[in-house]
Structures are given as structure tokens and as C-alpha cells.
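Trainee: Could you take a close look at one chain with me and then show how it sits beside its partner? I would love a connected walk through it.

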Amino acid sequence: MAQLFRPGADIAVRWALVALLAFPFVLVVALYVYAGSPYRTGQDRSVDQPVPFSHQHHVGELGLDCRFCHETVETSRFAGMPPTHTCMTCHSQIWTNAAMLAPVRESLVDGRPLKWNRVNNLPDYVYFDHSVHLAKGVGCASCHGPVALMPLVRQQAPLTMGWCLSCHRNPAPNLRPPSAIFDTLWKPTGDAAARGRALMASYHVDTRSLTDCSTCHR
Amino acid sequence: MSTQAGEARWICGSPGLGEVADQIARPPLSRPPLGWWIALAGAGALTLAMVIGVTIVFFDGIGTMGNNSFVVWGFPIANYVWWIGIGNAGTLISSMLLLTHQQWRSSINRFAEAMTLFAVSIAGVFPIIHMGRPMYWYWLAPYPNVMSLWPQWRSALVWDFWAILSYLLFSIGFWYVGLIPDMAVMRDKARSWLGKRLFGLFALGWRGSIAQWRQQKSLQKLMAMFAIPLVCSVHSIVGLDFAASLNPGWAETIFPPYFVVGAMFSGFCIVIVLTAVIRGAMHLQDIITVEHFDAMGKICVAASLVMGVSYASEWFSGWYGGSPHDRVFLDFVFKGPYQPLYVAMLCLNVLLPQAMWSPKVRRNIGTMVILAVMINVGMWLERLLIIVETLGHTFLPSNWKLFFPTLIDGAILFGSLGFFAFLFLLLSRVAPLVAIHETEELVARARGL
């Protein structure tokens, strides 16, 4: 009887067996890398806005405080977006005819707020509260990055659940003194461990319930 | 040692060498007869019923089944335990009989193993059906994920995942190792270009040299040794799904071993049914004889006695433990609304199988098949009652609720039976259902060769 397979068939079958065994693992790793990649999470992405508002200019160069525009960040779940009148505090006086600011002027005339596009978008099943994070010593920059250097705001963090948990499981390294909360360029100095311990104590951070399901999923 | 006389028992008439192989190898190599098509259509219709039922459950939610807010497990988990019990038996039978040198194993082991593969696969579907969000079934696996979460190791669902997965993978391997020499036989018998090459591929270059036989036999024996603890662990895990809770009627240490025996019991009975069907359909009266049914009947009697003792020990520990909850529960079992079902289960699982003490019953294929079917009805009732009785009668009387199945429950249950038959019918056209080389060996020895 003639041979059914060519001599190379042996090698092919052996490699096929290896591939068969490796496939589930390779698939899982590939999906994991994809799920955590900026392509999937939107990390480092900036979003077009009706007016190309520059945080670099307003915060970094002019020194506006975060709360000047995001008024409710210390008292509410939502940081708050400024009404057009806040923009007009200055822009009724300077750059009054700038083409770039035309939508702002239209908004004032029409009485219709500007529609900013969200950059950091959490899923609806996540309960997130800005005020408690600030009250417990987590600075703006811990999640939003060095906003004072961003011409257009970009998504600094991957916003995956793993990223949330990395801090909820070990908050100490991400805490800062009250004076540094709104300083997006603050750099810690000195003994990190000692500072973490001291801040955990002074803010009364209770880690027991930080990773309960119902802390974020209500 | 009178091996010859012993081996001759398992062969009827005097089939020639090669005749048996021809007979076993025929279905995958020939066109299916009309009967096969009719059976396939019937099984396919039932399969469709299951698919429709499962689709409705997936789209409209688990409320379409009889599951309610207290009896949260209902039919799906009863079916799961029943199917995995059946799945347990194939590999258990095959490996136990191999290690104990039971020659009659040769005629039944291959399709018993195939039964395992299909039953475990079907069983694996049911826990997914009973989940509220079935699309996240893969969360049961500890895979790296951007949520930084592990599965909940204290959840019985995760234990099931490991039990099913490891057992299924192992059973595929065990089945295939036995199949390799038969694939070579099929390759040599195949006429078509594609058939030769497909069987040749799965024969992995088998030439039948002494060295290959030695390796195949020792690997098969090694896997059989692994199989027995694995099989016991699988159904023990299923038993622990219940026993690890605190509920009356569940928190009993007898559960793991009693589940393993129950699995072997119902699995053996399905093997009896399959043996009768395959013997008739493939005309294998030469190599599947009444002696086989005789031997299986003896094992069933033994298993039914163990089941009886297990039930009695449940009652005893419920009474002797003295917990008022356990006693109230026992009262509910014997006098509650499920009483007729419970009595039926005791009759089917313990009383009825005692008929198999009689050689006349064991050596009559008709009565054996009827008994086997009845026992499996009883075993299914046992799994259902374990769930609906305890979950419907826990510590708080405010949580006491009865279970009523819906049409969808029925469609999925009977559909899964049809799906099982459907898979078996398909398998019969692509692989030999009975071990060729092992039955040939039996024939050769019986003829004193």
C-alpha cells in the first residue's frame, strides 16, 4: 500500500499538537493584553471639545484653582462643569472677539450651556464620588494626571476595575496632605512609607470596606 | 488458571478473527441506513426543543423556568447533577474494570467512555443555564483580567467549573488513547481518499509494533489509575455543593461518597440501555452477550444497597442529631407534599433493583433495560428532591415554598436527552463505538489463539 502521508507530516502533526495545547493560553494572554491596552481602555486619548479649552494655559500658566470651575467637587459626586458665566468672568473683558471663543459668546446669548464632551467616562454600574476622594486625601492628579500641563485634557488612567482596586487595596502611597490636593504638579518628598502611614491615620482611612462590592457597585 | 473458559463466557457463538472488527468498523465506513436517519430526526427534534428552551431562558431570564426566589436551583442543577453522574460512570467503569482485569470490559468500555464525554458536556451547560447572567460564565475561570479579580473560591459554582473541566479534558484523553489503535484499523479499512487520511491523522502513525502496543497499554493503565481518584473527586465535589452548606438535609458528611455511588449507579444503568441499543442496532450479539447484562446487573444490585444505606443514614442522622430543624425537615420529607415523589424514588432506587438478585431478571435484556430506565428516573427524582425539598424548607418558615416546573423546564430536560442521542448517533458514523482491538483480543483468546 502506498504511503498516506509525506515524510513531513510527522513534523506538521507535532507542531499542530503543540499549537493545540498552547492555543488556549495564547488566546487568554492576547485577550488580556488587548483588554488592558489603550486601544480598549481609551487611556491617553484626548477628546475634541466645542472650544479647545487649555488647562495648560488656565491652570499651569494663569494659576486658576480647580475649584474655580469645578465648583462642586468637594461637596458632590459630580465635580461640576462651569456655567458660561464663569468663563465670562474674564472673557467679557479679554479676548472678547476671539474666533475661538465664539461658541462661548453664543452660549451666553442663547442661554444654552456649552456641551463639553466627557473624557473620563466610567460605566453606569460604577458609583464614583469625587467629594469623598478629596476628603480622604486623594488629589485630582492621582486620577487625572498633571492637568496643568495638558493643552487638551486627556484620559490619564486606564479606568479599569483593576486600576481602581490597585488604590483601594493599598491607598497609602496615593494620599497627599490637604495643601497638595489641588496641586496637579505636586511631587512627594521624604520617606514614602512614613508619610503614607501618617496620612492614613490623619484622614481616618478605613480599609476594611474599601474593596467591598457595594462600595462601588450599588 | 482457566482463562480460556472464563473468556469464552463473554463471546457468543464462534465469530472468526476479523469478523468482529468488520462488523464494528462498518457503520463509520458505509452509508447510514434509513433507521439511523429516522432516529437522527427524532433526536434532532428534541435537540431543537432544548435549543428553543435555552434561548428563551437566555433572553427572558431564569424566571421562565420553575426556579423561584427560594428554590433557586430547580431543574437546571438537578439535571446537572444527574448528567454529571451519568458522565461519571463511563470513565469509572472503564478504568475500574481495566485495573481489575475484567475481560467483559472490552465490549462496553468504548461507548461507556463516549457516554462520559457527551454527558459531562451536557452537564456543563446546566450551571450556565441557571445563572442570571450566563454571558459571564467565563468569570468562573481564574484568568488574568483587567478587573484584578479572582473567582469566589468559596462558591460551589467555581468548584463545579474545575470538576467538570478537569474531568472532561481527562476523559477525552482517556477515550482517545484507547481509540488510537482502532483509528489505525479504520484507516486501513477506509476506501475513500479523505477517510484514509482523516482516520490516518487520528491514528498518529500507528503501525502496531510491539513497542507501540507496550506504550499504549502502559499509558492506558496509568491513566486508568489517575481516573479513579479523579472520578471520585468529581462527584464528591458535586456532593459538596450541597454538603458544604448549613441547610437541613444538605449538611451531611455522607454526601460525597453517596453521590459517587449514586453516579456509578445511574451511569451503569445508562450503559445497560446503551449496550442493549448498540447490540441490536449494530448486530453485535456475538460480542455483547447476556453475560454482560448479568455482570452489570450484579453491580447495580450492590449500588442500590449502598443507596438504601445512604438514605437510611440520612434519616438516622437527622433524627439522632437532635436538631429541631433536621427533625422538622424529616417530617416534611415523609409527610409533606413531596411525599409521593419521595416514596416513588425509594421504590425505584432501592426496592425495584432488588429484582436483579434473580439471574432470570439479570439475564433478560428486556427486563434489564426497563429496570435501568426506571432506576434512572428514580435517580433523577433523587437529585430533584434534594434540591426542592431543602431549598423550599430551610430554617425560616417564611422561606418555605414549593417548586413547580414549567414547560420550558421540561423542554430543556427532555431536549437534553435528545441531544445526547443526537451526539451518539453522529459519533456512530465517524468512530467505532466498540473497541476493535480489545474485542478482537477477547475473540482470539476465547478461541485459544
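Mentor: Happy to! Let us begin with a definition: a residue is buried if 20 or more other C-beta atoms lie within 10 Å of its own, and exposed if 12 or fewer do. By that count, 11% of the 218 residues of chain A are buried. Please keep in mind throughout that this is a predicted model.

What is chain A built from? It has 11 helices and 0 strands, so from the N terminus on, every element in the run α-α-α-α-α-α-α-α-α-α-α is a helix. Its radius of gyration is 25 Å, well over the 17 Å that the globule rule gives for 218 residues, so chain A is more spread out than a compact globule. The box around its C-alpha atoms, taken along the principal axes, is roughly 95 × 50 × 35 Å.

The domain assignment splits chain A into domain 1 (13-41) and domain 2 (55-81 + 116-207). Between the C-alpha centres of domain 1 of chain A and domain 2 of chain A there are 35 Å. As for contacts within chain A, take those between residues at least 6 apart in sequence: 72% of them join residues at least 24 apart.

Now to the partner. Where chain A meets chain B, 11 residues of chain A are in contact with 10 residues of chain B. On the chain A side, the elements that give two or more residues are α1 (9-36) and α9 (161-168). The largest share, 5 residues, comes from α1(A). By character, the chain A side divides into 7 nonpolar, 3 polar and 1 charged.

Chain B is also described by helices and strands: 16 helices and 0 strands. A compact globule of 449 residues would have a radius of gyration near 22 Å, and the 23 Å of chain B agrees with that. Along the principal axes, the C-alpha trace of chain B spans about 70 × 55 × 40 Å. Buried residues account for 44% of the 449 residues in chain B. Among the contacts in chain B between residues at least 6 apart in sequence, 81% join residues at least 24 apart.

What about the interior? In soluble globular proteins, nonpolar side chains tend to be buried together. Here the largest nonpolar core has 123 residues, and those with the most contacts inside it are M115(B), F268(B) and V271(B). Setting aside residues up to four places away in sequence, V271(B) touches A89(B), I93(B), I108(B), A112(B), M115(B) and M296(B). A second, separate core has 14 residues, including C140(A), A141(A), L175(A) and F182(A).

One residue of chain B makes a nice last stop: D182(B), which lies in helix α6 (residues 156-189) of chain B. Is D182(B) buried or exposed? D182(B) counts as buried because it has 26 C-beta neighbours inside 10 Å. Beyond its neighbours within four places in sequence, D182(B) is in contact with P432(B), A435(B), I436(B) and H437(B). M307(B), on the other hand, is 125 residues from D182(B) along the chain, and their C-alpha atoms are separated by 37 Å.

Note on methods:
Residues are numbered from 1 along each chain as its sequence is written. Chains are lettered from A and ligands numbered from 1 in the order in which they are written. This is a predicted model: local features need pLDDT of at least 70, side-chain atom pairs count only at pLDDT 80 or more; totals for chains, interfaces and linings use all residues. Two residues are in contact if their C-beta atoms, placed from the backbone, lie within 7 Å. Helices (H or I, at least four residues) and strands (E, at least two) are DSSP runs, numbered from the N terminus. Ala, Val, Leu, Ile, Met, Phe, Trp, Tyr, Cys and Pro count as nonpolar, Asp, Glu, Lys and Arg as charged, and the others, Gly among them, as polar. The radius of gyration is taken over C-alpha atoms; the globule rule is 2.2 Å times the number of residues to the power 0.38. A nonpolar core is a set of buried Ala, Val, Leu, Ile, Met, Phe, Trp, Tyr and Cys residues joined through C-beta atoms within 7 Å. Domain bounds come from an automatic or database domain assignment.
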